[in-house]
Structures are given as structure tokens and as C-alpha cells.
Amino acid sequence: MAVRQRPFHLVVFGASGFTGQFVTEEVAREQMDPEGSSRLAWAVAGRCREKLQRVLERAAQKLGRPTLPSEVGIIICDITTPGSLDEMARQATIVLNCVGPYRFYGEPVVKACIENGTSCIDISGEPQFLELMYWKYHQKAAEKGVYIIGSSGFDSIPADMGVIYTSNKINGTLTAVESFLTINSGPEGLCIHDGTWKSAVYGFGNQNQLKKLRNQSNLKPVPIVGAKLKRRWPVSYCRELSSYSIPFLGADVSVVKRTQRYLHENLDQSPVQYAAYVTVGGITSVIKLMFAGLFFLLFVKFGIGRQLLIRIDAASFTMTFFGQGYSHGCPIEDKKPNIRVCTQVKGPEAGYIATPIAMVQAAMTLLNDVSNLPSVGGVFTPGAAFAKTKLIDRLNKRGLEFSVISSSEV
């Protein structure tokens, strides 16, 4: 990525929003890193100068940096005013877009960034938005030489980079991975903020539009290498984790599959089959979940329900990957996998601690690891953009820990 001489390396758009405040704090924390980000020039952007100023003051107090508000630029812009988005984009090398739900507010930012030669990172967990942006803007972004990278928060850096990490750690060819997400809720229980919840609800409630988009794309299927990964039942028991699990309905599967397609078609890598699950505990939890799931399904189909599902989150997470494949020299055709590997990604509370860490480290990688990015710009998943970079090393240093649990030949 060609780093242009602009006033700011990073601009946090939507900094006064709930998630944006945490991202602002994380950028300020990154700037304090003794390894060399102190010269990072950055700004916050949004509709109200007073709110943005208060966000900087709170971050300054929390981090013990009283001079922070005077060191950070403030840009006034509004998602409904294209000219103001253009003005913001012209001042930044990378825009960190924290304004969601992205299906409603994301595209104007993507468009402004591409038109003004600015890269953009978002934390969308909405597959329809992410895939639509690829089809509409990939070629334009490539022509401009900018990188538009979605789902760069908890959705879906742990899953996407976790599969790549697993592939790098297996002593052979990885052909299939199942991931199991375990959420460790805080003392007040598990819940999420209004904007985050709305993104999930709208995403689930508009699955038909996503199917239509995929049907129109006419993509060739990615080849299945080795034994086909069998789907689990809607409620299944994972012996290794001693827990029941259900399919994970977030963006991870969509993102990982797009990454695997890119790595296969552009880097000639063997594609990895992928399935994602979330652990739910014992049988009592399964019964409770069935009732909660029915409630969710009823409400996401009606607009009024979408306004009622609002809570606030506090949790940590562990994502465990069980991979299988074939050792070097083992023929794959008509053979059962003969090698297995288990890896983990562990981190703090997913939505408002891990997500800002992932987003900011993705941005710093985009700034500083230019030679290992795709050679031309475009609209990318995190795995497609960062597969060859040192993003995982950066995340490990910031508390998102990637590790190998076991590896063995069968």
C-alpha cells in the first residue's frame, strides 16, 4: 500500500459511538507503544465536536495522558453528507469505520474512501454487506490501489486468522477445520449493546437477500480436498470440550470461505473446508437455548421485535480449532485424514475489548507490513489481506493469544 503524505495515518470514524469510544482508546494505547508508534498521527471523526472532545478527554483520563485531546485531530462529518465523507477520506491514509449497522451506513464510507484513494477497515459482522461490497467495489478499489478490509473485529479475525494459523502449524496439508467458540460471561451475564445487536438481528433477518446475492454471483464451487467435512446436527456433543454445541450463525463461515477461495485461486493454496460452532454447556443449557432461539426467530422476522432486543455485553472468549489433514507424502485421494491438530485463540471480552484490539492491529499491519500485503488493492477479507503478514504476532502481543494445543498423526 502506497502511504501518501496526508495529515493523518488513521481516522476513527464514529469515535463517539459505543464501539468507537473503545477503538479510540485502543489507538491512543497503540500510540503509547514504546516500539515505535509514537509518531502515529491520527484523528477522530463524527457529527458532534463536543462529543468527540469528551471521548478524547475520557481516554486521556483512563490512560493517564492529559495532553491527548490536544494531540489528536477532530474532523466533523456526517454519513448523510457525502462531501463531508470525502473531506474526511482525503485527510487519512486509513479510515477505521465504526459506524453501523453497516448494511445501512457502511457503503457511503466505502465509496468515499475508494474515490479519494483511502484504505478502509471496518468491524462488520454482516455477510450481506461484506459480500455486496466485494461485488460492487473490488475492481474499483484495485484500480485505486486501496485496501477495503471488512470484518476486522471479533467478527471475524479470530476465526479467519485462526484457520490460517492452524494451516501453518499442521505438519502436512490441512483440509478441514471445525471451530468451537466458548463465551465466558461476566458476573452480570451475557448481553450486547444496541448497535451491535441490531447488526446481528438485521443480518439474520435478511438471509433471503444474501442467498439471492450469492445466486447472482455464479461462482464456481471451491474444490473439496480430502475427506468431506460432515455437518453436525443442530445440537451436537463435542467430546473434546465436554459440551453441547450449536452452529455459529455469525459471519465467520462466510468470511473464512471467501478467504479460502482467495488463497486457492490467487496463491494456489489447498482450500480448507470450515464449519463453526458455539458451545452451550450441558443439557439444561440446551433446553434454555431452544426457548431463547424460538424467541429470537420470532422477533427478527418483525420490525417491532428488532427494536426490543437490546442489551450490553461483558465476556471473554476461547475459540478452539480442530483440524485434520494429510501428512507430507501421504496420497489424499480416497484416503482418510491421517493427521490432526488442535489450536486455540483466546482473548478478553469479545465485543468491546478484543474487537478494538483486532481492528487497530489490522490497521497498523496495513500501515507497516506493506510488502506482505496483496500486490494490488481491492476488497478483502482479513485472511486474504493479512495471510502473509505479522498480524498474528501483533495480536499475540496485545492479548489475543494464538497457540497450538496438540498435534498428532493418526
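Reader: Which residue's side chain meets that of Arg-394 in a salt bridge?

Author: In this predicted model, the partner of Arg-394 is Glu-30, and the N to O distance in their salt bridge is 4.0 Å. Because Glu-30 belongs to helix H1 and Arg-394 to helix H16 (residues 391-397), the pair ties together parts that lie 364 residues apart in sequence.

Reader: Are the two side chains of that pair buried or exposed, or something in between?

Author: The general idea is to set each relative accessible area against the cut-offs, with under 20% read as buried and over 50% as exposed. Glu-30, at 1% relative accessibility, therefore counts as buried, whereas Arg-394, with 23%, is partly exposed.

Reader: How many salt bridges does the structure hold, and which residue forms one with Glu-25?

Author: The structure holds eleven salt bridges. Glu-25 forms one with Arg-29, where the closest N and O atoms are 3.9 Å apart.

Reader: Why are Glu-25 and Arg-29 separated by about one helical turn?

Author: They are separated in this way because they stand four residues apart in helix H1, which covers residues 18-31. As for accessibility, Glu-25 counts as buried at 13%, while Arg-29, at 34%, counts as partly exposed.

Reader: Which residues are linked with Glu-25 in a network of salt bridges?

Author: Glu-25 is linked in such a network with Glu-26, Arg-29 and Lys-62, so that the bridge between Glu-25 and Arg-29 is to be read together with these further residues.Reader: Where in the chain do Glu-107 and Lys-136 lie, and how far apart are the closest N and O atoms of their salt bridge?

Author: The closest N and O atoms of the salt bridge between Glu-107 and Lys-136 are 2.6 Å apart. This pair links distant parts of the chain, with Glu-107 in helix H6 (residues 107-115) and Lys-136 in helix H7 (residues 127-144), 29 residues apart. Glu-107 is partly exposed, with a relative accessible area of 24%, and Lys-136 is partly exposed as well, with a value of 39%.

Reader: Which residues form a positive surface patch?

Author: A patch of this kind is read from residues that have over 30% relative accessible area and no salt bridge. Here the positive patch is formed by Arg-47, Lys-51, Arg-54 and Arg-58.

Reader: Where is Arg-47 placed, and is Arg-47 buried or exposed?

Author: Arg-47 sits in the loop between strand S2 (42-46) and helix H2 (49-63). With a relative accessible area of 66%, Arg-47 is exposed, because the cut-off for that term is over 50%.

Technical notes
Residues are numbered from 1 along each chain as its sequence is written. This is a predicted model: local features need pLDDT of at least 70, side-chain atom pairs count only at pLDDT 80 or more; totals for chains, interfaces and linings use all residues. Side-chain values use heavy atoms; hydrogens and water are left out. Helices (H or I, at least four residues) and strands (E, at least two) are DSSP runs, numbered from the N terminus. Buried means under 20% relative accessible area, exposed over 50%, partly exposed in between (1.4 Å probe, protein chains only). Patches are made of residues with over 30% relative accessible area and no salt bridge: like charges are joined within 9 Å, nonpolar side chains (Val, Leu, Ile, Met, Phe, Trp, Tyr) within 5 Å. Accessible areas come from the Shrake-Rupley method with a 1.4 Å probe; for residues, only the protein chains shown count as cover. Lys and Arg count as positive and Asp and Glu as negative; His and the chain ends are not counted. The place of a charge is taken as NZ of Lys, CZ of Arg, CG of Asp or CD of Glu.
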